[in-house]
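Hi everyone, thanks for having me. Please pull up the structure on your screens, and let's walk through one part of it together.

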Amino acid sequence: MLYNLVSASSNFRLMSNAALFLPMDSDATAEDFHFVFLARYVYFCDMKIILVGMNYALHNKEMGRETNNSEPIVFMKPDTAFLKNGRPFFIPDFTEELQYETEIIVRIERLGKNIEERFAGRYYNHATVGIDFTARDLQRQLRSEGMPWEISKSFDYSAAVGDFVRLDEIGGEIQNLSFRLDINGHTVQSGNTADMTFSVNSIIAYASRFFTLRMGDLIFTGTPAGVGPVKKGDSLEGYIGDRKLLDIKIK
Ligand code: MG
């Protein structure tokens, strides 16, 4: 399959870009969409990863912030931050304090710009759980200097992404998903999307004012309270409800 994709490279960008404009109610089959996702993930790797910080009041408190922000705090990770489920995560040498942040992720499935919140639900149909790996010591240091903290968040393989499931397979309510992270068999962090400060739809509306959203783009929706350290040898398992969707070993 991969070999065929690569050997078809001359027409590939054209085909994948054309497919981006397929409306969801066209005659496109599931295979067509799968093809486009493969094109974006595997070959061009040009999806972007949009993340929201400080989106759960209790987490804001543990980070020392008493007030909630009035608009979502949005930042990005490049495609090189993408860590596929099942691949190991290697702790980078520039941090002594690597932390997990367990987050619900949605996958954008239509092209959109300036999306109205009331229509934002049409732009995603799948969700999963993932980890926004953070070099906390580096972030703290950069923050205290008033510098951008991008390198503490957006380094290679810092965005671990579980296997996506259709929303209707996990209850259908994006704002009522229970999720958790187990490390070495013990639950270390859990949350429910009902506790978000900014809903997924309002995040999509806000982010799409600044960034065109394209098929395959991912949105990490923030972490609940309970972030903590990971160390070499840990085994991380992420769940939505009782469904295990993420399994990452730390090396
Ligand atoms: Mg986060």
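**A four-stranded sheet**

Let's begin in the middle: strands S10 and S14 pair in the antiparallel sense, with five bridges between them. One pair to look for is Phe 179, whose bridge partner in S14 is Ile 240. Do keep in mind that this is a predicted model.

Now let's go outwards on either side. S10, residues 178-183, is also joined to S11 by six bridges, and those two run antiparallel. Here you can find Arg 180 standing opposite Ser 190 in S11. On the other side, six bridges join S14 to S15, again antiparallel, and Leu 236 has Ile 248 in S15 as its bridge partner. S14 and S15 form a hairpin with two residues between them, and Gly 241 in that turn has a positive phi of about 60°.

Put together, the four strands make an open sheet in the order S11-S10-S14-S15. Strands S11 (186-192) and S15 (243-249) stand at the edges with a single partner strand each, so one side of each has no neighbour in the sheet. From one strand to the next, the twist averages 15°.

What about the faces? In a regular strand, side chains alternate between the two faces of the sheet. In S14, Leu 236, Gly 238 and Ile 240 lie on the covered face, while Ser 235, Glu 237 and Tyr 239 lie on the uncovered one.

Last stop: Pro 88, in the loop between strands S3 (82-84) and S4 (98-100). Beyond its neighbours within four places in sequence, Pro 88 contacts Ile 248, Lys 249 and Lys 251. Is Pro 88 buried or exposed? Pro 88 counts as exposed, because it has 10 C-beta neighbours inside 10 Å.

Conventions:
Residues numbered from 1 in each chain as written. Predicted model: local features only at pLDDT ≥ 70, side-chain atom pairs only at ≥ 80, totals over all residues. Pairing = 2+ DSSP bridges. Axes fitted to C-alpha atoms, helices over the stretch in contact; angles between N-to-C directions. Buried ≥ 20, exposed ≤ 12 C-beta atoms within 10 Å, placed from the backbone. Contact = placed C-beta atoms within 7 Å.
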